[in-house]
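Notebook open, structure loaded. I want to know how the chain is put together, then follow one helix and the core.

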Amino acid sequence: MMKNIKLLMLAILLLLGISVRAQNDRPNFLFILVDDLGWADVGVNGSTYFETPNIDKLATRGMLFTNGYAESMCTPTRASIMTGKHPARLKMTNWVGAPQPEKYKWNTILRSASYTEALPLEEVTLPESMNAGGYETYFIGKWHLGKPEKYWPEHQGFETNIAGCAWGAPIGGNKFFSPYNNPRLTDGPDGEHLPDRLAKEAISFLERKHERPFFTYLSFYSVHSPWMAREDLKSKYEKKDKANDEWRQERMIKFSKTQNNPVYAAMIEAMDTAIGDVLDALKRTGQDKNTVVVFLSDNGGASEVTSNAPLRAGKCFLYEGGIRVPMIVSWPGQIEAGSVSDVPVSSTDFYPTILELAGLLQEPQNHMDASSFASLLKGGDYNKKDLFWHYPHYEGGFEPASAIRSGNWKLIEFYEESRAELYNLKDDIGEYNDLANTHPEITKKLRIKLHAWRKKVNASEPTPNPNFNPYETQNYRIGYKNLFKDINEFKVKNN
């Protein structure tokens, strides 16, 4: 009831004309979210094995963020985008479907914090605010913000929902190929590829006549597991990797290969091609000049299939490889083409940023943990803020931890031993020079800030595990074996 009253008040204010820009002058929005794509998995950030020409081209049309951040897991990032609130405040700190702490069977010193398993319906989401402001809202793809149907996109502000359901990955039918058996996506011809299908759905929408500006949220299931790809693309990258091996052997170069998974590479190319098709349709329909395009990944790349070097670790971790992601914002004529920003911004900040670009009122009572970076997009000043992460769970070998980035300094605090690691990201992007002992004053200052922030958002925290057995193997730590595999690796340009 309270949510409906809030939305009604917003709509009344907008109808009375209390907005910055007339409706017919407002831009459209195409928000492209991809799944598990690492910061280093795109050509514009240095990959020479994976091929992402369309994503790279988008960067030349807008602003590339070299310090764009998300959460270390999918659901928390998606919740932050939808609400402008930190996942710690929402208690949505783990992926929907993860075992609650009482279900964990790992032998851990602490018991993970519990988490909220669905985005609360009382939250006023970004699409609800856009809809109240006169926008048509359209969702395509992965949702993963609640298993019961009442929490799906059509109940969270989207007028249309295609393919958004409880799934965090394609698990029904033939997974990435039709038949999908997705309750919100009709099956296509046998063998139809999911990224192509999602692109076709987006293109079909773009080709319609629109009476209102639109907010379209295209959320790919790619490149999340299960890792499976088209055979033609897989074969292409198998040949490419073999050629790379021969090139190295001829020069007697011996080192750990960084990116060489042909299936994952094929998935990336298929996703990139689908994005290119959608962007081509946007241009073909004449809507490209008045459409803000956002490109973002929901967390870092999974270490099982890629390397995030020069960043450390990957998905699940609060090191840079787990939270720094490819991020691009484009708006022809408004955002300088080919511009690059090294200002740290996070997924939480898109809510007020999009409202400002749309000429709609800010709603600080809703997006209370976010700051608009619209001025930065237009070449203006932006007050840098501290960024925070909170993951009070055991996952993928990572123990419960929180982190803060303040300027170039980043501190990670681990719950088990109440210890902290401190890094200067300007000098040490790979995070392998822990400065906590050499800069105790900075360590203390950032820990105080981090603790104050956790208290402010009422963050859930792990508790002592009454079932911990110190004489048994702490088997969750197996994930640590991959922590250092990216360090000191270097890339070879294939000339």
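Before looking at packing, I fix my term: contact means heavy atoms within 4.5 Å. I also keep in mind that this is a predicted model.

**Entry 1, the whole chain.** I looked up the secondary structure and got 12 helices and 16 strands. Of the 495 residues in the chain, 61% are buried. For contacts with a separation of 6 or more, I find that 71% join residues 24 or more positions apart. The accessible surface is about 19,900 Å², and carbon and sulfur atoms hold 51% of that.

**Entry 2, helix H6.** I checked the length of H6 (residues 194-206): its 13 residues should span 18 Å at 1.5 Å a residue, because the expected span counts one less than the number of residues. The end C-alpha atoms lie 19 Å apart, which agrees. Then I asked how many of its residues are buried. It's 10 of 13, so I noted H6 as mostly covered. Among them are Leu194, Arg197, Glu201 and Phe205. What do the buried residues of H6 pack against? I get strands E5 (136-141), E6 (160-162) and E7 (214-219), plus helix H8 (262-284).

**Entry 3, the cores.** The largest nonpolar core has 102 residues, and Leu37 and Met130 have the most contacts inside it. H8 gives the most to this core, with 14 residues. I pulled the partners of Met130, leaving aside neighbours within four places in sequence: they include Phe29, Tyr135, Phe215, Ile354 and Leu360. There's also a second, separate core of 18 residues, Cys316, Tyr319, Tyr391 and Ala403 among them.

Terms used: Residues are numbered from 1 along each chain as its sequence is written. This is a predicted model: local features need pLDDT of at least 70, side-chain atom pairs count only at pLDDT 80 or more; totals for chains, interfaces and linings use all residues. Side-chain values use heavy atoms; hydrogens and water are left out. Helices (H or I, at least four residues) and strands (E, at least two) are DSSP runs, numbered from the N terminus. Buried means under 20% relative accessible area, exposed over 50%, partly exposed in between (1.4 Å probe, protein chains only). Accessible areas come from the Shrake-Rupley method with a 1.4 Å probe; for residues, only the protein chains shown count as cover. A nonpolar core is a set of buried Ala, Val, Leu, Ile, Met, Phe, Trp, Tyr and Cys residues joined through side-chain atoms within 4.5 Å.
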